[in-house]
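Hi everyone, thanks for making time for this. I'd like to walk you through one structure, starting with the whole chain and then zooming in on a few residues.

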Amino acid sequence: MPTLRIALAQVNPTVGDLAGNAAIVRSSTRAAVDAGSRLVVFPEMMLTGYPIEDLVFRQSFLAATCSALQRLAGDLDADGLGDTPVVVGYLDADGPPAVNSATDPSAGPRNAAAVLHRGRVVARYFKHHLPNYGVFDEDRYFVPGNTLVVVRIEGIDVALTICEDMWQAGGPFAAARRARVGLVLTINGSPYELNKDDTRLALVRRRAAEADATVAYLNMVGGQDELVFDGDSMIVTAGGEVLSRSPQMAEHLLIHDLDLPLGLLPPPPSSPPSTPPIRAEVGGDQMGIERVHVSDPHPALGEPPVQGGHAVRLDDDAEVWQALVLGLRDYVRKNGFHKVVLGVSGGIDSAVVAAIAVDAIGAQDVIGVSMPSQHSSSHSREDAAEMAKRTGLELRIHEIQAMVDSFQTKMSLSGLALENLQARVRGVVLMSISNQEGPLVLTTGNKSELAVGYSTLYGDSVGGFNPLKDVPKTLVWKLARWRNDEALRVGEEPPIPENSISKPPSAELRPDQLDTDSLPDYDQLDAILLSYVDGDQGRADLIAAGHDPALVDRVLRLVDLAEYKRRQSAPGTKISIKAFGRDRRLPITSRWREIDPSGV
Ligand SMILES: Nc1ncnc2c1ncn2[C@@H]1O[C@H](COP(=O)(O)OP(=O)(O)OC[C@H]2O[C@@H]([n+]3cccc(C(=O)O)c3)[C@H](O)[C@@H]2O)[C@@H](O)[C@H]1O
Ligand SMILES: Nc1ncnc2c1ncn2[C@@H]1O[C@H](COP(=O)(O)OP(=O)(O)OP(=O)(O)O)[C@@H](O)[C@H]1O
Ligand SMILES: NC(=O)CC[C@H](N)C(=O)O
């Protein structure tokens, strides 16, 4: 069998940076070709970044993308890399976007993959299955393709597929089997969720069996707003053997020699773009097949085979931590910030956010501001100072009592309004530092607090990005312990003071306040939230699962009433199956209450 040296470029594009993304393709192709690769593959929507959301509707963006693709093909050739086919995801269109149901349903914007060879675009594939659930809205943006594209590279028939194509049975993988291909490429923009790596591996195996071909699965890596792409690319044989697997959460060029059969059907004519493709309708799945000849078999390599290897797998806590670090780092970097600032209270949430920030961008670029008021305990100041000492971040102290008192001379607030004033003054201090010096303000509210609205609007919820937005409080504690253990394992000082982990959580907005004054114990709360928020279960399901009915009613009411706060909250990295934001869209104005089945 001939050997095809394939390179899967697990890289980190930036949405909208057409020139920068093209430069990544050129430099990675150079590295792959220097290592002897004969086929180089890049992720879904590589040229544009992913997801591009309503940029799809901009004619100017589409035109710029199409010229960037042509320019990239020419540049690769000019770089002396043109003989090596390069597969790259991009935005294409063969018609205008849909404006209403009268629009032609068979043409429009396409989530596409191109094969670049000798300075030209020699093949284009349009994604068939469009995801339209969770964070994805691809029915809003794209028209599905109905033709599987099979390119003959080095005499081997290679089918192109894109991400969701793999998540649904039938369609491209069934067509690939009928086309008797040797290899299926699947290029992805598949966001991280806890436990998704196992699901993906099982799916790749299933599809490889369905296509009766080796599958090369390539995922992008990096953060884009609330999403983190975790890489974890892999090559799996038709029999389910994992030949090699890339690291999670890191850029990587996976190069592997594949022994694949030569294409059986007679080769199609060498096809310049003007040549009509050979099409063969295949029954059942409704997909046609377009075959494009790219390159003839290459003489045997005559050297020991190159193996991509198997990267060490991260355990669950490490995986979540790395996702939060990558999500924050890329949000900061891709949005042009150099520093971050956050309020440090000595509590667990701000300590964990500070540790994530230090891991993401380095202690020298993290400012922690301790803002004691008259209700702040001495341990809150000491624990914040201890955390700053351990991590090396810059600690500033701004006493807020005089500012609160000065406000009070004009407003005479009491009760909750006075309590919230402290949180709001802290927000003003942080935003002032941001305006004056430029750091991004980090919010520290965890998923449990966001769920029940336990934060002050325009107060401690202030900020541009929230690393803990999708992290329940119980997981915050677990991650803190994991991060400290990890430090000990590598002989470093644990960043999070033990006292911040072990003390009972308190907002310290009034004397002796504890979170448990207003909220149930976090173990109980998180168990209910997991079912109600992540699982979309109703009151009856929760009670049937053994939760106390009165507690269920209380929590569900808090969650429902806090929708307005969540709608105004900062973005933050998604790690769960259902993160607040695009994954979970509920009306703010709604009279539906789980506790009252009549809905009134
Ligand atoms: N449907 C709706 N649409 C739009 N806006 C709506 C609204 N309903 C109320 N509002 C507005 O929201 C205001 C109430 O929200 P807000 O001002 O935030 O105040 P509120 O939610 O009443 O109080 C804040 C709560 O969070 C707790 N907290 C605060 C700070 C830190 C921490 C901590 O965990 O450390 C906890 C605090 O102890 C208190 O229980 C109303 O006065 C009204 O202006
Ligand atoms: N004294 C303070 N100095 C600086 N920032 C503060 C202070 N008190 C509260 N904050 C800010 O408000 C946020 C919300 O307070 P909250 O008490 O919920 O969080 P925490 O103190 O980090 O953790 P915990 O909830 O376990 O006490 C803090 O994370 C911090 O960013
Ligand atoms: N970009 C896509 O098509 C992603 C959809 C797919 N289900 C995933 O999460 O991996």
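So, here's the overall picture, and after that the annotated residues.

Please keep in mind that this is a predicted model. The chain has 600 residues, and 49% of them count as buried. Its secondary structure comes to 19 helices and 20 strands. If you draw a box around the C-alpha atoms along the principal axes, you get roughly 85 × 60 × 45 Å. What about the radius of gyration? It is 27 Å, which agrees with the value near 25 Å for a compact globule with 600 residues. And of the contacts between residues at least 6 apart in sequence, 74% join residues at least 24 apart.

Okay, zooming in. An unreviewed UniProt entry has an "active site" annotation, and it covers Glu44, Lys127 and Cys163. Those are spread over 120 residues of sequence, yet they cluster in space, with a largest C-alpha distance of 9.7 Å.

Let's take Glu44. You'll find it in the loop between β2 (39-41) and α2 (59-78). Is glutamate 44 buried or exposed? Buried, because it has 27 C-beta neighbours inside 10 Å, and 20 is enough to count. Leaving out residues up to four places away in sequence, its contacts include Cys163, Tyr50 and Met220. So Cys163, from that annotation, turns up among the residues Glu44 touches.

Now Lys127. This one sits in the loop between β5 (120-126) and α3 (138-141). Lysine 127 is buried too, with 26 other C-beta atoms within 10 Å. With the same sequence neighbours left out, Lys127 touches Asn111, Phe142, Pro144, Gly145, Ile162, Glu164 and Asp165. Look for Ile162 there: it is also on the list for Glu44.

Note on methods: Residues numbered from 1 in each chain as written. Chains lettered and ligands numbered in written order. Predicted model: local features only at pLDDT ≥ 70, side-chain atom pairs only at ≥ 80, totals over all residues. UniProt positions renumbered as here; feature names shortened; annotations may be inferred. Helix = DSSP H or I, 4+ residues; strand = E, 2+ residues; numbered from the N terminus. Buried ≥ 20, exposed ≤ 12 C-beta atoms within 10 Å, placed from the backbone. Contact = placed C-beta atoms within 7 Å. Rg over C-alpha atoms; globule rule 2.2 N^0.38 Å.
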